[in-house]
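Biologist: I have a new structure to show a first-year student, and I would like us to take a close look at one part of it together. Could you walk us through it in plain words?

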Amino acid sequence: TPKDGTWTGTGVSYDIPNDQYIFDPATAGLGTHELTYTVTNAVCTVADKTTITVHPRPTVMVGTYTGTTTFCSNDGWIALMGNPGGGTWTGQGVQGNNFFTGTVGDVETSYDLEYRYVDQNGCENTKTLTLTVRPEPVIAIDKTLPTLCFPDNYEGKLTYKHADGVEWHMLPDSAFGSFLSATDQTTSTYNPSYSDLKRLRFHLY
């Protein structure tokens, strides 16, 4: 004050549409800057000075403590990591510094979680962490053939969803035969061994 003076200094410019002077921290750069306000009337010219300090914007990093960003819906609570600490997480499924995977429905869903940090100078920065949650895999083995006659083969069949694929296995110490076809398909042929016959059963999964 009074009005109608002139501001000068690093980072200062005149905003013509709004008829005002503005200070741009990005243009001025980091450090302390001296700005001068000058007023001239018909007789005298007076000036006053002020200083503005521009601090660096804090660098923010985000992630999970495991480094994983894709989860299954049955994984439960996932610990979130924000650095520097002391910031605030927001987003669907967030509670404190944790994210709950059970919020997903029946389709794979991505969640954008935001971490906001304000430093001691009042400077803030935000970072977004995107987590993907897949519905829990569902696998159903066809059990309509509970018995067979040795040495007939067993034709295993299954259906699945929410998974990239399947793999047939023999349960250790409970199946001693061999697979006669690929084990990464929804159908697979198992040839029982004589040891399976003595046990009267075998377990596949």
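Biologist: Which side chains meet in a salt bridge with Arg 134 and Asp 164 as the place to start, and what is the N to O distance there?

Modeller: Happy to help! Please keep in mind that this is a predicted model.

Let's start with the pair you picked. The side chains of Arg 134 and Asp 164 meet in a salt bridge, with 2.9 Å from N to O. This pair links distant parts of the chain: Arg 134 is in strand β13, while Asp 164 is in the loop between β15 (154-161) and β16 (178-179), 30 residues apart. Asp 164 is exposed, because its relative accessible area is 70% and exposed means over 50%. Arg 134, at 23%, is partly exposed.

Arg 134 has another partner as well. Its side chain and that of Glu 108 meet in a salt bridge of 3.3 Å, N to O. Glu 108 lies in the loop between β11 (98-100) and β12 (109-118) and Arg 134 in strand β13 (residues 124-134), so this pair ties together parts that are 26 residues apart in sequence. Now put the two bridges side by side: the salt bridges Arg 134 to Asp 164 and Glu 108 to Arg 134 share a partner. Through such shared partners, Glu 108, Arg 134 and Asp 164 are joined into one network. As a general idea to carry with you, side chains of opposite charge can pair when their charged atoms come close.

How does this fit into the whole? A search of the entire structure finds four salt bridges. One of them is between Glu 124 and Arg 116, whose side chains meet at 2.9 Å, N to O. Glu 124 is partly exposed, with a relative accessible area of 37%, and Arg 116 is partly exposed too, at 38%.

Glu 124 also leads us to a neighbour. Val 118, found in strand β12, touches Cys 123 and Glu 124, leaving out residues up to four places away in sequence. Val 118 is partly exposed, with a relative accessible area of 37%, whereas Cys 123 counts as buried at 19% relative accessibility. You can also look from Val 118 to Thr 88: the two are 30 residues apart in sequence, and their C-alpha atoms are 9.2 Å apart in space.

Since we have met a cysteine, here is a word on that residue type. Cys 149 is exposed, with a relative accessible area of 56%. The structure holds zero disulfides.

Strands β12 and β13 turn up again when we look at the nonpolar core. β8 (77-83), β12 and β13 belong in this story, and here is how. The largest nonpolar core has 16 residues, and Leu 80, Trp 89, Phe 99, Leu 113 and Leu 131 touch the most other members. β8 (77-83), β12 and β13 each supply at least two residues of this core, and β12 gives the most, with four residues. Leu 80 is a good residue to click on: not counting residues up to four places away in sequence, Leu 80 touches a list of residues including Trp 89, Phe 99, Leu 113 and Leu 131. Other residues that Leu 80 touches include Gly 63, Tyr 65 and Val 94. In soluble globular proteins, nonpolar side chains tend to be buried together.

Next, the aromatic rings. A search of the whole structure finds seven aromatic pairs. Among them, Trp 7 and Tyr 37 form a tilted pair, 4.9 Å centre to centre with 45° between the planes. Trp 7 lies in strand β1 (residues 6-8) and Tyr 37 in strand β4 (residues 31-40), so the pair ties together parts that are 30 residues apart in sequence. Trp 7 counts as partly exposed at 31% relative accessibility, but Tyr 37 is buried, at 12%. Tyr 14 and Tyr 21 also form a tilted aromatic pair, 5.0 Å centre to centre with 55° between the planes. Tyr 14 is partly exposed at 39%, and Tyr 21 is partly exposed at 30%.

One last stop is Thr 189, in strand β17 (residues 187-191). Thr 189 counts as buried, at 13% relative accessibility. Leaving aside neighbours within four places in sequence, Thr 189 is in contact with residues including Tyr 154, Glu 155, Ser 178 and Phe 179.

How values were computed: Residues are numbered from 1 along each chain as its sequence is written. This is a predicted model: local features need pLDDT of at least 70, side-chain atom pairs count only at pLDDT 80 or more; totals for chains, interfaces and linings use all residues. Side-chain values use heavy atoms; hydrogens and water are left out. Buried means under 20% relative accessible area, exposed over 50%, partly exposed in between (1.4 Å probe, protein chains only). Rings of Phe, Tyr and Trp (its six-membered ring) pair if their centres lie within 6.5 Å; planes under 30 degrees apart count as stacked, over 60 as edge-to-face and the rest as tilted. Contact means heavy atoms within 4.5 Å. A nonpolar core is a set of buried Ala, Val, Leu, Ile, Met, Phe, Trp, Tyr and Cys residues joined through side-chain atoms within 4.5 Å. A disulfide is a pair of cysteine sulfur atoms within 2.5 Å.
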